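Good morning, colleagues. Please bring the sequence and the structure up on the screen, and I shall begin with a single residue before turning to the empty spaces.

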Amino acid sequence: MGVWRDMPVEALEQQYSPSRWSPRLDSEAVIQAHLEATAAGTQRARAGAQTSLHVPYGDGDREKLDIYFPAEPAGAFPALVYIHGGYWQCLSKDESGFAAPPLVSQGVAVVALGYDIAPKGHMDAMVLQVRRSLAFLVRRYSRIRGLYLCGHSAGAHLAAMVLATDWTEYGVVPDIKGAVLVSGVYDLEPILHTYVNDALNMSREVAQRNSPMLCIPSAAPMSCEVLVAVAQHDSPEFRRQSQEYGQALRAAGWSVSLLDLAGVDHFDIIEKLSEESYVLTQPAAGGAASSTGYHRFSPGLAFLCWGVPACLECPELAGLQGSVWMTW
């Protein structure tokens, strides 16, 4: 940690500008393509699934959930909660349902989570909203058995903060089986010195208490698998943050794997979750039914599959082409 402190401001801002690192398109075009892809994918998902849209979990305008139910739910079912990115200042749940089709077809509910973004929202409030939304899900939907978190970019940060939650003050303890943290930021202090903080207006104290790197629980839940995924074409700083956060979780006793995914950038690494053929949406192979009747798989996300090393022989993973799995 701390290498960023020696960077000139211009270099630091480039490191924390993900759109500048994509080899596919220029900075503006890759952002526009991302907005269009996620919005179009969400519209397709809404048209093809049974949904409950705009479900309020609080009183705020953005404190709402979109829920995509399994195609043929039989009793209880797992749910994947997707937390969108956008540097805590753009996007919404209305562009966050694109990953639903491959998952609902496998019996998994997908929940797209809304939260207040900057400048209206501030970091403390965003973290609190995400935590409250999960407590609401547990209370409201008794058929959900096992929650999986999936966050992208700023959403990965928020998902990581969920892992650090003291649930005693919420009156419930969500059964979080896994977390998929994709191209996230886990130490917010470098952000303070970039354009990103113009809208967030974080102080150093706010950044520190909301940095997952600085609040890793010492008691890791035995049932929770964590995957930290990063794109080949993420910036060196994003890649460093992913590796160091994964290592810190592992040192604290968490079950963690890192996937360094080849051939993708900060944006299409998550956009491709809408594709059934994408390696990260392949069902895990070889899962056995548990005593509760559920198949022991991650919800459509092969990289969680109840212990990542067991996945490495799956034929679906043969197409990674240069991607690297690391387990600590």
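Asp-265 is buried: its relative accessible area is 2%, and the cut-off for that term is under 20%. Please bear in mind throughout that this is a predicted model.

Where does Asp-265 sit? It belongs to strand β8, which covers residues 255-265. Two polar partners of its side chain deserve attention. One is the side chain of Ser-22, with which the side chain of Asp-265 forms a polar contact at 2.6 Å. The other is the backbone nitrogen of Phe-267, found 2.8 Å from a polar atom of the Asp-265 side chain. Leaving aside residues up to four places away in sequence, Asp-265 touches Ser-22, Pro-23, Arg-24, Val-30, Ala-231 and His-233.

Phe-267 leads us to the second largest pocket, since its name recurs there. Together with Ile-31, Gly-86, Tyr-87 and Cys-90, Phe-267 lies nearest the centre of that pocket, among 18 lining residues. The volume of the pocket is about 340 Å³. Which helix gives the most to its lining? Helix α2, residues 27-48, does, with three residues. The lining of this pocket comprises nine nonpolar and nine polar residues, and no charged ones.

I turn now to enclosed space. There is one cavity of 30 Å³ or more. The largest cavity has a volume of about 50 Å³. Its lining residues include His-34, Tyr-82, Glu-95 and His-152. By class, that lining has seven polar residues, three nonpolar and one charged.

Thank you; I welcome your comments.

Notes. Residues are numbered from 1 along each chain as its sequence is written. This is a predicted model: local features need pLDDT of at least 70, side-chain atom pairs count only at pLDDT 80 or more; totals for chains, interfaces and linings use all residues. Side-chain values use heavy atoms; hydrogens and water are left out. On a 1 Å grid over the protein atoms alone, a cavity is a set of points where a 1.4 Å probe fits but cannot get out, and a pocket is an open set with protein on both sides within 12 Å along at least five of seven lines; lining residues have an atom within 4 Å of a point. Grid points are joined across faces, edges and corners, and a volume is the space filled by probe spheres set on the points. Helices (H or I, at least four residues) and strands (E, at least two) are DSSP runs, numbered from the N terminus. Ala, Val, Leu, Ile, Met, Phe, Trp, Tyr, Cys and Pro count as nonpolar, Asp, Glu, Lys and Arg as charged, and the others, Gly among them, as polar. Buried means under 20% relative accessible area, exposed over 50%, partly exposed in between (1.4 Å probe, protein chains only). A polar contact is a pair of N or O atoms within 3.5 Å; within protein, one must be able to donate a hydrogen and the other to accept it, and residues adjacent in sequence count only if both atoms are side-chain atoms. Contact means heavy atoms within 4.5 Å.
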